[in-house]
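Let's take a walk through this structure together, one piece at a time. Keep your viewer open and follow along.

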Amino acid sequence: MRIMAQMSMVMNLDKCIGCHTCSVTCKQAWTNRTGTEYVWFNNVETRPGLGYPRRYEDQEKWKGGWTLKRNGRLALKGGGRLHRLSMIFANPKMPGVDDYYEPWTYDYETLLNAPAQKNFPVARPHSMLSGKPMQVKWGANWDDDLGGTYATGADDPMLKGIADKVKFEFEQTFMFYLPRICEHCLNPSCAASCPSGAIYKRTEDGIVLVDQNKCRGWRMCISGCPYKKIYFNHSTGKAEKCTFCYPRIEVGIPTVCSETCVGRLRYIGLMLYDADGVLAAASAKNDQDLYEAQRGVFLDPRDPAIAAEAERQGIPVDWIEAAKKSPVLRLIVDYKVALPLHPEYRTMPMVWYIPPLSPISDALRNSGHDGEDANNLFGAIDALRIPIEYLANLFTAGDVAPVRRVLDKLAAMRSFMRDVNLGRPEQESIAAAVGMTGAEVKEMFRLLAIAKYDERYVIPTAHREQAHALEELATDCPVGGGGSGGAFGSGSGGPVPVAIQTLRETKARMQADEMSQVPGSVSYLTWDGKGMPGKATPDDVADRSGIPGAESERPVTGPSLVHAGEEEPGVPGVVDPRPDQGER
Amino acid sequence: MSTFLWVVFPYLALATFVGGLIWRYRYDQFGWTSRSSQLYESKLLRIGSPLFHVGLLIALMGHLMGLVIPKTWTDGLGIEQHLYHLFAVVGGLVSGAMIVVGFAILVFRRRTTSTVFQATTWNDKLMYLLLGLVIAFGMWNTLSTALDVSHDAYNYRLGVSRWFRSVFMLRPDASLMVDAPLQFQVHAVLAFLLILVWPFTRLVHVFSAPIGYLTRPYIVYRSAGDGPGGRPGSGLGVPQKTWDSPTSKRG
């Protein structure tokens, strides 16, 4: 048994309102550069829908992920090593920019330069690739909220087998949002497809990264990834992907997409797993067994034997403690409400989803029933085959049973908690119907509905003894390593580290109840308007009753701009920059 | 002049080539890529690129055969001049045709697809011009040899090839090139010019041919503590082996 730790995520789709805040903040943080205009490390798809890039789930076309050979051995669906090398001069399975969308901007200048005229000037779209005027025909979320699905809806690859049952008429439709990032798989087919060996999985936290120095731009990873979450930077000629915001994770704060999620639907935590069991699990004979098989490689750190063995194998104790408290562990292993996205790709994805109950309760409510009554809901989950089969195509390779079990649990929780909230007697029978107790349901509700920041994100920091070598810091002397920095190449000069201090303060600010608990925060309570305001201390809060600063004898700790004894009491802090003006 | 062209210049080109490659490998790993334009356009690329590249690989082998192996060796093996000539001409014509057609498709694509053209730098354009000239003169050489029915034309294996080997044996003999026909001389000079600029163009991607992929385990693990390029650092010491290694078959 080889125990490894994996930073993982669960998203609760019931809470996703499709606001795209995660996508936008991710883009601002990572891909707002030349060459990545069309790239969204995080995107939010409306389902049913084509997704981004269009029809990425059609593996008969793209050949992403793994497949089982006739002899039962696992092989890349896009072909083995020799086959891939023979395709190196032109990758036949690579999506073109039209499969994503051609990025564009508008010639806003026209609005400013236009002469006075009868008609309003218009800013026309221009391609960001060719610079020429273009017709905008597709985007990263073109079919948002089922827009245009009368034309494209039937092309959703996940409708295979149930296409005749899904209606796109307004009254009969169902939809939900699916935010997607890189899955940081246990068995990443992108890494396996890379001829240069540039894509690697970090041993400590399992984050999958592209070594930008080793990548040679062969583009095999792009076709190798079944989720199409590796992108080609057409400016640098290198592959780029979601980094799980590793510089933030290393200092213990969540990814940008999680941090900014309006619905607070994302959970981040560690999963321990047996790396020696991955191959066998990924080689499960039946596609529908893969969900169970993947659960089988997870190890429970609350088992003392596992914890002891993990410690013996070198996993830091605080990481094991964090793994015990992992919200992801509770959702996947304890409550079994989280499911993997497309386990049939056999990559062992590690961003899991709680399927949405809302489309079903909405359907109930729209048909005049009580959408939160347990019996109604249980009945509806059975009756509304279409959403369940669709969800099963996404999360369990088409196996309806696990999806049903999850939805039943969510339905039971909804009904049970309604009684609690309305002050009615709790009905243990509702909880018992899904094999839980009322107390367990309440615990699950707490985690799903009201868990605070540090319950949703349990992220142990990287270790100080490793800190010197953290990739983000790159503090190694470039001369010593014979490395890639310096000497007027495009890699000249060292990277500028994100200040860990700033990140720590951000986290503290998020968790603090009072501003005074935030390190580095500035107190205006004791500031008399002279000099710089001092650093906040817990005592400041106690001082709030008085007039700010009036009675305070505490010295101002910040550096003072105005020297003591200087004149001009009326204008504190202003030093006249023109001392000799009067003589002129 | 002939000393410069056939002695000084080749060494200058080779020194720049080797030094330039080492410099770029050390300091510009990030810029080391084929800068693929497949994202913009793939229909023409799927025809042109394999034609061009495979043709080049065949031509490279042909050049090795013609330039590196002395005529005395093939004579010793009992390969007649006529047979050798036939083999060289057929191989040369086939690979040449592949290169010319492939190159034409790729240049046409690069010029007419606005996105691809937009991504073409001046460095690229000069390199394509030089490469095109080398190919053109190379084809002229092949055709002039092929169309020669009387077998009294210039035999490069007694001139150009011996000079080429003399350069690498550090006993350069310029006199061997002086008698060569002009198109052979131009081809040789342009080829060394291409070699000279090689490290500073996108042509460096030739030297990242991923042969290691054939022997590497599928999944690469690396510690966060490893330095750039995967040099061992202060990781947690977790075993680096992965489940699928082509050398140790498991499962």
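Which residue in S11(A) does A:Tyr231 stand opposite? The partner is A:Glu240. Keep in mind as you look that this is a predicted model.

That pair is a good way into the strands of chain A. Strand S10 of chain A covers residues 230-233, and four bridges join it to S11(A), with the two strands running antiparallel. Together S10(A) and S11(A) make a hairpin, with four residues lying between them. In the turn you will find A:Gly237, whose phi is positive at about 70 degrees. Now turn to strand S11 of chain A itself, residues 238-241, which is covered on both faces. A:Lys238 and A:Glu240 sit on one side, A:Ala239 and A:Lys241 on the other, and all of these residues are buried. So A:Glu240, the residue facing A:Tyr231, counts among the buried ones, since at least 20 other C-beta atoms lie within 10 Å of its own.

Further along chain A, look for a pair of helices: H17, residues 374-383, and H19, residues 400-421. They pack with their axes 9 Å apart, at an angle of about 165 degrees. Because angles over 145 degrees count as roughly antiparallel, that is how H17(A) lies relative to H19(A). Their crossing is right-handed. From H17(A), the residues A:Ala374, A:Leu377, A:Phe378 and A:Ile381 take part, and they meet a set in H19(A) that includes A:Arg404, A:Leu407, A:Asp408 and A:Arg414. Sorted by class, this contact has seven nonpolar residues, one polar and three charged.

Chain B comes next. Its 251 residues are 27% buried, and it holds nine helices and one strand. Reading from the N terminus, the order is α-α-α-α-α-α-α-α-α-β. Among contacts in chain B with a separation of 6 or more, 76% involve residues 24 or more positions apart.

Which way do helix H6 (residues 122-146) and helix H9 (residues 182-197) of chain B run relative to each other? Their axes come within 9 Å and cross at roughly 150 degrees, which makes H6(B) roughly antiparallel to H9(B). Here the crossing is left-handed. On the H6(B) side, the residues in contact include B:Leu130, B:Val134, B:Phe137 and B:Trp140, while H9(B) contributes B:Phe184, B:Leu190 and B:Leu194, among others. By class, the contact between H6(B) and H9(B) has 14 nonpolar residues, five polar and no charged ones.

Methods:
Residues are numbered from 1 along each chain as its sequence is written. Chains are lettered from A and ligands numbered from 1 in the order in which they are written. This is a predicted model: local features need pLDDT of at least 70, side-chain atom pairs count only at pLDDT 80 or more; totals for chains, interfaces and linings use all residues. A residue is buried if 20 or more other C-beta atoms lie within 10 Å of its own, exposed if 12 or fewer, and partly exposed in between; C-beta atoms are placed from the backbone. Two strands pair if DSSP finds at least two bridges between them. Axes are lines fitted to C-alpha atoms, for helices over the stretch in contact, and angles run from 0 to 180 degrees between N-to-C directions. Angles under 35 degrees count as roughly parallel, over 145 as roughly antiparallel, 65 to 115 as roughly perpendicular and the rest as oblique. A crossing is left-handed if the near helix is turned anticlockwise from the far one by less than a right angle, and right-handed if clockwise. Two residues are in contact if their C-beta atoms, placed from the backbone, lie within 7 Å. Ala, Val, Leu, Ile, Met, Phe, Trp, Tyr, Cys and Pro count as nonpolar, Asp, Glu, Lys and Arg as charged, and the others, Gly among them, as polar.
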